[in-house]
Amino acid sequence: MRSHETHLGRREFLQASGAAAVGMAAAPRFEQTHAAGTQAGRIKVGQIGTAHDHASGKLQTLKKLSDQFDLIGVVEPDREKRLAAEKNPVYRDVTWLTEEALLATKDLKIVTVETRVEDLLATAARCVKAGVHIHLDKPAGESLQSFGQLLDAATSRGLVVQMGYMYRHNPAFRFCFDVVRNGWLGEIFEVHGLMSKEISVKERKRNLHFRGGMMFQLGCHLIDAMVRVLGPAQGVQSLTRRLRPELDNLADNQLAVFEYPQATATIRVSVTEFDGMKRRQFVVAGTEGTVEIRPLEPPRLTLTLNQPRGKFAKGTHEVALPATPGRYDDQLIELARIARGQGKSEYTPEHDLAVQKLVLQASGMITDR
């Protein structure tokens, strides 16, 4: 596991992580990357696992982007999970393979790893050993050491581990990151994120075995965005509440406070709020302006400035955002570009490891600062 990145100062970390970043103005539009993929040829891709909450969405996207991807097949060794998947229209007409057969496919370039969370890292390690880029769904397992070893192994082989954080290509978040990088908000002193929804009793049971509760499962998305804005936190304080003890022991109402030299950040997670997705939000406040994204999907963004910036006058503006073709489209297209040698990831292994450490700390799964 790498040891140096968590000791980097905020400025050094952001400089290292931002070296490969692409702003909204410079980022390839969906139509451009879409066309480039057609000209460069389809990328052979496979999926391992059907158990992750995002598995069917990723597969549906791969099938939709058929001019980008040549879907070789899907692996699901668990008989019950495969039978359940076969009832889902998304899996209709896919080729079912063993993992060995998929990884032995000539010219296979990418595997999307969509297993149960507890199986993600071991599966990803086998894919890296086979020499393929991976899209690894979140969160990156429960062992920081194992995740660090995975990143090291991939880097040593020139492979990319793309984390499945779904807001990285959300146009509101990309606008926010661009504004922060350009200094429009001045010195950032506050980040606040909220991930709410209401889940069923069945969904609660599926998440019970995670020691980190729903902060581990859902809060990771906004911790990823927080690190993009502020870099790694110096310390984390976490609070956990359980609102439905008559049902189970699920950590369903959690708060984490992240400490920075000149800023604080808070991430809240609740899965007991009716229609809570409407209140999901990400706010970045600085000495010269504020960005508020609420809701996160479909995104709505408000920008407040104390002086004119770019085309925006002093004051508060609701920013018009470009439409997105789908939650996962641009992310998977980016990975196809990387596999063709047409670019690098915006997110470094240092960033991903720092995020995972904070996810585990915020979830109460590790306590070292």
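This passage describes two sheets, a helix pair and two buried histidines in a predicted model.

The first sheet is open and has 6 strands. Its order is S3-S2-S1-S4-S5-S6, and the pairing is parallel. Strands of a sheet pair through backbone hydrogen bonds, either parallel or antiparallel. Strand S3 (96-97) and strand S6 (161-163) form the edges, and each pairs on one side only. Strand S2 (residues 69-75) is joined to S3 by 2 bridges. One residue pair here is Val-74 with its bridge partner Trp-96 in S3.

Strand S4 (residues 110-113) lies between S1 and S5 in the strand order. It runs parallel to strand S1 (residues 43-48), with 4 bridges between them. Gly-46 has Val-111 of S4 as its bridge partner. S4 also pairs with S5 in the parallel sense, again over 4 bridges. On that side, the bridge partner of Val-111 is Ile-134 in S5. In a regular strand the side chains alternate between the two faces of the sheet. Both faces of S4 are covered. Ile-110 and Thr-112 are buried on one side, and Val-111 and Val-113 are buried on the other.

Two histidines were examined in turn. His-133 is found in strand S5 (residues 133-136). Its relative accessibility is 11%, so His-133 counts as buried, the cut-off being under 20%. The side chain of His-133 reaches the backbone nitrogen of Val-160 at 3.0 Å. Beyond its neighbours in sequence, His-133 touches residues that include Lys-109, Ile-110 and Val-111. Gly-158, Leu-159 and Val-160 are also among its contacts, as are Leu-335 and Ala-339.

His-52 lies in a loop, between S1 and helix H3 (55-64). This residue is buried too, because its relative accessible area is 8%. Its side chain makes two polar contacts described here. A polar atom of the His-52 side chain lies 3.0 Å from the backbone nitrogen of His-54. The side chain also reaches the backbone oxygen of Lys-138 at 2.6 Å. Lys-138 is likewise among the residues that His-52 touches farther along the sequence, together with Glu-114, Thr-115, Val-117, Leu-120 and Asp-137.

The second sheet is also open, with 8 strands and mixed pairing. Its order is S8-S9-S10-S7-S11-S12-S13-S14. Strand S8 (235-241) and strand S14 (315-319) each have a single partner strand, so one side of each is left without a neighbour in the sheet. The twist averages 10° from one strand to the next. Strand S7 (residues 188-196) and strand S11 (residues 281-286) provide an antiparallel pair, with 6 bridges. In this pair, Leu-194 has Gln-281 of S11 as its bridge partner. Helix H12 packs on the sheet and touches S8 and strand S9 (253-259). The direction of H12 makes about 40° with that of S8.

H12 (residues 349-362) also meets helix H7 (residues 144-156). Their axes come within 10 Å and cross at roughly 170°. This angle makes H7 roughly antiparallel to H12, because angles over 145 degrees fall in that class. From H7, the contact involves Leu-144, Phe-147, Gly-148, Leu-151 and Thr-155. From H12, it involves Pro-349, Asp-352, Leu-353, Gln-356, Lys-357 and Leu-360. By class, the contact has 6 nonpolar, 3 polar and 2 charged residues.

Conventions. Residues numbered from 1 in each chain as written. Predicted model: local features only at pLDDT ≥ 70, side-chain atom pairs only at ≥ 80, totals over all residues. Heavy atoms only, no water. Buried < 20%, exposed > 50% of the residue type's maximum accessible area, 1.4 Å probe, protein only. Polar contact = N/O pair within 3.5 Å; in protein donor to acceptor, adjacent residues only side chain to side chain. Contact = heavy atoms within 4.5 Å. Axes fitted to C-alpha atoms, helices over the stretch in contact; angles between N-to-C directions. Parallel < 35°, antiparallel > 145°, perpendicular 65-115°, else oblique. Nonpolar A, V, L, I, M, F, W, Y, C, P; charged D, E, K, R; others polar. Pairing = 2+ DSSP bridges. Lists of a residue's contacts leave out its neighbours within four places in sequence.
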